[in-house]
Amino acid sequence: MKLLIVNGPNLNMLGIREKHIYGDRDYDALCALIRAEADRLGCEVELFQSNHEGAIVDRIQQAYFDGTDGIVINPAAYTHTSVAILDALKAVQLPAAEVHISDVSKREPFRQISYAGMACGAHFIGLGFQGYGKAMEWLVETLKK
Ligand code: CA2
């Protein structure tokens, strides 16, 4: 089983600023946690981070052709703006789970809409880094069915 983990803009800056919102661990620590979860779940994992909307759309499209079984996505700020990422997720029709480190439901009004989330079968919001692990677990269980 092969999972693709997509992280959107500025998540490579984790642990540098806004630690009260996103915690003090950096992006490398997030990648290490995801790889450890993949080992525990016995699946293959590929990590992708980009600050560019089109690059994220391209990577989601590539997943359709490269044998990816499921996608975990934190589109970061593009969550609240990008119909293109929503359309890409709908186009590839792979099972997908949405993750947000912070609890967006308790934040600014502009964070209350999630376009990408409309193409996701599960949502892990405000659980910190562990949300990625939960999302991977959900995908593995879903794909086994
Ligand atoms: O809570 C999340 O995971 C978010 O997707 C994070 C995004 C934000 O735009 C979403 O509304 C919620 C922001 C990621 C930016 O991360 C930063 C890292 C270091 C310093 C500043 C921002």
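This is a short chat about the ligand and the pocket in a predicted model.

Visitor: Which residues come nearest to the ligand?
Guide: They are Asn-74, His-80, Ile-101, Ser-102 and Arg-111, out of 17 residues around the ligand.

Visitor: What sort of residues make up that shell?
Guide: Nine are nonpolar, five are polar and three are charged.

Visitor: Which side chain has an N or O atom 2.8 Å from a ligand oxygen?
Guide: That side chain belongs to Asn-74.

Visitor: And where do backbone atoms come in?
Guide: At Ile-101, a backbone N or O atom is 2.7 Å from an oxygen atom of the ligand. Ala-77 also has a backbone N or O atom by a ligand oxygen, at 3.4 Å.

Visitor: How much of the ligand's accessible area does the protein cover?
Guide: On its own the ligand has 510 Å² of accessible area, and the protein covers 92% of that.

Visitor: Switching to pockets. What takes up the space of the largest pocket?
Guide: The ligand does.

Visitor: How much space lies in there?
Guide: The largest pocket holds about 390 Å³.

Visitor: Which lining residues are closest to the centre of that pocket?
Guide: Pro-9, Asn-10, Leu-11, Tyr-22 and Ala-76 are, from a lining of 20 residues.

Visitor: How does the lining divide by residue type?
Guide: The lining of the largest pocket has 10 nonpolar residues, six polar ones and four charged ones.

Notes:
Residues numbered from 1 in each chain as written. Predicted model: local features only at pLDDT ≥ 70, side-chain atom pairs only at ≥ 80, totals over all residues. Heavy atoms only, no water. Near = heavy atom within 4 Å. Polar contact = N/O pair within 3.5 Å; in protein donor to acceptor, adjacent residues only side chain to side chain. Areas by Shrake-Rupley, 256 points an atom, 1.4 Å probe, with all protein chains shown as cover. 1 Å grid on protein atoms, 1.4 Å probe; cavity = no way out; pocket = protein on both sides within 12 Å on 5 of 7 lines; lining within 4 Å. Sits in = over half its atoms within 2 Å of the grid points. Nonpolar A, V, L, I, M, F, W, Y, C, P; charged D, E, K, R; others polar. Points joined across faces, edges and corners; volume = space filled by probe spheres on them.
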